[in-house]
Amino acid sequence: MSPRIVHIARNTFREAVRDRVLYNLIAFALLLSGAAIFVGQISIDIERLVVVNLGLTAVSLFGVVIAIFIGIGLVSKEIEKRTLYTVLSRPVRRWEFIVGKFFGLAGTLVVNTFFMAIGVFGALLYVTHKFSRPDALILVALYFIILEFLIICSLALLFSSFSSPLLSAVFAFSLFVIGSFADDLRGFAGMAHGVTRWVATGAAYLVPNFSALNVISAVAHQQPMSSQLILQNTLYALFYTAMALSGAVLIFERRNLK
Amino acid sequence: MAAIEILGLEKTYMVGFWRKHPKRALQPLHLTVEEGEIFGFLGPNGAGKTTTLKMLMGLVFPTAGTARILGHDWTDPEVKAQIGFLPEQPYFYDYLTAHELLDYYGQLSGVPAKDRKRRIEEVLNRVGLTDIKGVQLRKFSKGMLQRAGIAQAILHNPKLVFFDEPMSGLDPLGRREVRDLMEQLKQEGKTVFFSTHILSDAEALCDRVAIIHKGELRGVGRVEDLTATVQGKVEVIWQGTQIPASMKALGAECHVTGDTVRAVIPENQQDAAIDALRRERIRLIALTPLRTSLEAYFVEKLQTTPTQNAAGKTVGAV
Amino acid sequence: MMGLMMTMNARQRTTVIAAVSLAVSMTASVLLLRHIDRMRPQASIEDVLYINSPKMVKRASLGFDGLMACIYWTRTVQYFGHRHFEYAHTYNELAPLLEITTTLDPHMLPAYQFGASFLAPRPPGGAGQPERAIHLMEYGIENNPDNWQLYYNLGFVYYTELKNYRKASEVFDRGSKVPNAHPFMKIMAAQMAMHAGDFATARMLWSATYETAREGTIRQNAVEHLRAVQVDEDVTHLEGLVTQFRERSGRVPASMAELVAAEHLRGAPVDPDGDAYKLTSDGRVLIENPDDFPFITKGLPPGYKAAPPKFHKHS
């Protein structure tokens, strides 16, 4: 991996931190502590369910929002502000710029998720007073959430490479929502006929499949996950991310900067 | 070896709602810049100077034409390690300090880690940015930002430096410092290519200049040649507003400005002119060989049409 | 290839690599997704497994009830279709799915019809929960009082599964009083009252279901029932003829051909598939392929165990 990519990634991370992004952790901590304490009034079984469901959903939503808000500006802001000029006049390839930005953003989210994970386990410990083996599944859910983040980051970056921040936010958010119902979309496509069917099926397979990666309910109910499924989902997320990034590179390579 | 060879670079934008109307930002440009010279790229605002620079930097893609930089294809990423670029009104990551910015740029330019710290200090000193440790760039004044911009352009000791309007935003002292710096760069054997619309700077600094207007090259040449002495004429300046009759008889063109008079007379009459002033007890202020100014050349080139300028496309005096 | 790559400049190389990468990763993603789908057949109803309270789902929908209703309806159809195909013996999620769908959108009429057709019958034809079906229909009627078809659905359940002909008649009667009710509601009410057990009544009911249903599974189900009615009717008729023959000649006919000749039938009697009915040595009439006719109650060989139903593709 070219050292330039690492430098760009580190700088992107630094920018996010100085943009006070990590302050979201405070809001998250407050939310989760409040919930844990509130829920402590109810019976044991539901406590755990609420903490896991709420905690993981918050990790997912906070992260998606951060990914989109930072992601949409990653390229467009640099073009707008012309900070790119002095970067691209150096031996930095355009594709290195895109890949570096991606890793910087993804890294920010991983760090963020790490702290949030501590929060979730902390809250869980508070309400159940001890961990049990199935709690390890929460790690699987967190892993899948990180896979989701990789996809969202790459999509936000893709849109940022050609579209204004506002439009990028709309596209990215729409894809997140649609992707969460990807299973149903494929169901709809299956029930359609003719041309609509082909178009719908095409769309249904191109939309990011977040419904497969959303295992929060299953984990809350302590359902085990097959390692095959984990592997397939990992590969899917990696390929999808690669696809979006390739698109971003293709677009950015040909862009005339104003 | 030529530092820069521009071989027919041209740029046409498609504008309008349906992107149907072509707008020619730059006609096919042919230009060569030799190593070790300070080259001025002159023209009014909107002439195509920045477009040319952006194409050379790979920020904008030409509609046609190629270029070579230091002997390499201009799109070769490796050659960028040997060039520096200061854009017009530069913006930098304002959440970084100058040290951090230069460190980042140094990393991207491939300056080895062990040299970076030292180079950064050197270069900040050189541009006159001291006592700014820990200050984020968002707090810099325009002049300070310009200096930081110059710093990042020369940080990695490039052989060829591109400056786009380097004097903008600087006070007279700052401009003097930048001029000195550019001279120093030339002493170090570097090539400097800078664009400006301030002719006095160009006249003072450049070895050669090119003039561009409305996307078209109007003239190229050595500054010396373009501001050569006008054969056989001298300029006389004296105190007062009086014009002696004898002066008029010599065929002088006289202009009164404030409380001095400026006159142009044939060279072989200069003794007679001095005598005329002494007789009238008028105080002589200056007597110099007349040179055309770069400004005059500039204005002339701007006014002539392209066909009249056909000869101006090649290197040489006009 | 490498030679070609060498002659390109950096930018062209990057473009080619990125384009190839795009194509490859897109293909890989789609293939992986299909594979993942196959591994997760219960995917779309996972939610229902964990949140099966309609009220909770409604709250979680954040006001987008209509859209969620559509989504749950799609899931219901897929769920049932998938399990039906696999000859499942339980359909535990069907009732919650339908209840959620109709809570989110009480006016989703196809859901009620689906419930009537498939909640009440016994597995593997349905979920075997006629009481929940009735509950669902009555909820539907409450929310859509001007719709006569809901009464039809309710009466349908009483008739087919619960065999409560009196109640069925009552319901058809109530339904016939709804403005714009189809005229046959009154006819059905009467039929239920007097000739509940008749083949004609059954045929009328299933034909009506077939005509009014738009959803594919329901129509197919109606077709199978109509075929069954036909077979039951044929077998009853034929066995009646055998009895007549026996009374006249004191013995069972030696073959179907003899019966045909003796009773002046037009030709060898065939079932709806075109196969001839068989006559056993003890005078019973049997159908050639009982497996092709789910829902028949006559013409089955002794000790016949119903195989998982095979559904024919009739339009």
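These are my notebook entries on a contact between two chains, a sheet in chain B, and two residues with positive phi.

**Entry 1: the model.** Before looking anything up, I noted that this is a predicted model, and I read every value below as computed from it.

**Entry 2: chain C against chain A.** I began with the contact between these chains, to which chain C contributes 28 residues and chain A contributes 30 residues. Turning to the side of chain C that touches chain A, I found that helix 2 (10-39), helix 3 (46-50) and helix 5 (65-85) of chain C each supply at least two of its residues. Which helix of chain C gives the most to that side? I found that helix 2 of chain C does, with 18 residues. Sorting the side of chain C that touches chain A by class, I noted 14 nonpolar, 9 polar and 5 charged residues.

**Entry 3: the sheet in chain B.** Next I followed an open sheet of 6 strands in chain B, whose order is 6-7-8-3-9-10 and whose pairing is mixed. At its edges I found strand 6 (83-86) and strand 10 (216-222) of chain B, each of which pairs on one side only. From one strand to the next, the twist averages 15 degrees.

I then looked at one pairing in detail: strand 9 (residues 208-213) and strand 10 of chain B run in the antiparallel sense and pair over 6 bridges. Within strand 10 of chain B, I located B:L217 as the residue that stands opposite B:I212. I also noted that helix 4 (residues 142-154) of chain B packs on the sheet, where it touches strand 6 and strand 7 (160-164) of chain B. The direction of helix 4 makes about 165 degrees with that of strand 6 of chain B.

**Entry 4: A:R20.** I looked up the phi of A:R20 and found it near 65 degrees, a positive value in a residue other than glycine. A:R20 lies in the loop between helix 1 (3-18) and helix 2 (24-39) of chain A. Is A:R20 buried or exposed? I recorded A:R20 as exposed because it has 8 C-beta neighbours inside 10 Å, and a residue counts as exposed with 12 or fewer.

**Entry 5: B:E165.** My last look-up was B:E165, which is not a glycine and yet has a positive phi of about 50 degrees. I placed B:E165 in the loop between strand 7 and helix 5 (172-187) of chain B. Since B:E165 has 20 C-beta neighbours inside 10 Å, I recorded B:E165 as buried, the cut-off for which is 20 or more.

Methods: Residues numbered from 1 in each chain as written. Chains lettered and ligands numbered in written order. Predicted model: local features only at pLDDT ≥ 70, side-chain atom pairs only at ≥ 80, totals over all residues. Contact = placed C-beta atoms within 7 Å. Helix = DSSP H or I, 4+ residues; strand = E, 2+ residues; numbered from the N terminus. Nonpolar A, V, L, I, M, F, W, Y, C, P; charged D, E, K, R; others polar. Pairing = 2+ DSSP bridges. Axes fitted to C-alpha atoms, helices over the stretch in contact; angles between N-to-C directions.
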